[in-house]
Amino acid sequence: SWMVVTGFVVAIFWIFGAAAMAVGLWGVDGLKELQPLVLVGGAMALVVPALLMIMAGYMGRTNRRSSASNALVMEAAVRLMAPAREAGTEGITFAEQMKQAAAEVDPAMGHALSAV
């Protein structure tokens with residue numbers, strides 16, 4: 001995905017840019033004179049943001065994929081719910097018809113009972 005590639009490219013630019021700045025600021029001889037712990041700290045200051053940039057690319061790709069998956073799930077849910085909506089209105093219509101039929105049967109039953 002382009003997000004992951006962009007994360008790697010930005011991380012590489014970050015590392016080369018910071019290394020070039022350090023060499024430009026102190027020079028190669030000045031960097032050789034620094035204590036090893038200072039160099040390790042500087043390397044950590046270079047690597048950690050670069051890793052964060054790479055991980056941001058991976059997270060962006062994952063977010064995009066999950067958004068596409070969520071859209072598919074929502075579309076399927078809408079399609080699955082459409083028959084239920086139609087069945088619900090048909091159920092109401094059927095109940096109304098039964099109510100009307102029962103209302104018609106009641107007077108007929110009353111008339112039949114009075115005739116007996």
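1. Helices (H or I, at least four residues) and strands (E, at least two) are taken here as DSSP runs, numbered from the N terminus. On that basis the protein contains 2 helices and 0 strands. The model is predicted, and local features need pLDDT of at least 70, side-chain atom pairs count only at pLDDT 80 or more, while totals for chains, interfaces and linings use all residues. Residues are numbered from 1 along each chain as its sequence is written, and side-chain values use heavy atoms, with hydrogens and water left out.

2. On burial, a residue is called buried under 20% relative accessible area, exposed over 50% and partly exposed in between (1.4 Å probe, protein chains only). Of the 116 residues in the protein, 10% are buried. The exposed area of the protein is about 9300 Å², of which carbon and sulfur atoms supply 73%; such areas come from the Shrake-Rupley method with a 1.4 Å probe, and for residues only the protein chains shown count as cover.

3. Helix α1 deserves a separate comment on its geometry. The expected span of a helix is 1.5 Å times one less than its number of residues, and a straight helix of 32 residues would accordingly span 46 Å, whereas α1 spans only 41 Å between its end C-alpha atoms. At Gly27, α1 bends by about 90°, the bend being the angle between axes fitted to the seven residues ending at a residue and the seven starting there. Gly27 is also one of the buried residues of α1, the others being Met3, Val4, Gly7, Ala11, Ala18, Ala22 and Leu31. As general background, an α-helix has 3.6 residues a turn, so residues three or four places apart point the same way.

4. A nonpolar patch on the surface is formed by Leu25, Trp26, Leu34, Val38 and Leu39, which together have about 480 Å² of accessible area. Both α1 (2-33) and α2 (36-115) give two or more residues to this patch. Patches are made of residues with over 30% relative accessible area and no salt bridge, with like charges joined within 9 Å and nonpolar side chains (Val, Leu, Ile, Met, Phe, Trp, Tyr) within 5 Å; a salt bridge is a side-chain nitrogen of Lys or Arg within 4 Å of a carboxyl oxygen of Asp or Glu. Within the patch, Trp26 belongs to helix α1 and counts as exposed because its relative accessible area is 52%.

5. The structure holds 1 aromatic pair. Phe8 and Tyr58 make up this pair, which is edge-to-face, with 6.3 Å centre to centre and 80° between the planes. It links distant parts of the chain, since Phe8 lies in helix α1 and Tyr58 in helix α2, 50 residues apart. Rings of Phe, Tyr and Trp (its six-membered ring) pair if their centres lie within 6.5 Å, and planes under 30 degrees apart count as stacked, over 60 as edge-to-face and the rest as tilted. Both partners are partly exposed, Phe8 at a relative accessible area of 34% and Tyr58 at 30%.

6. Three positions of helix α2 can be read against residues elsewhere in the chain. Ala43 is partly exposed at 35% relative accessible area, and its C-alpha atom is 9.8 Å from that of Ala18, 25 residues apart in sequence. Pro49, partly exposed at 24%, has its C-alpha atom 8.2 Å from that of Trp14, 35 residues apart along the chain. Ile54 counts as buried at 13% relative accessibility, and the C-alpha atoms of Ile54 and Ile12, 42 residues apart along the chain, are separated by 9.6 Å.
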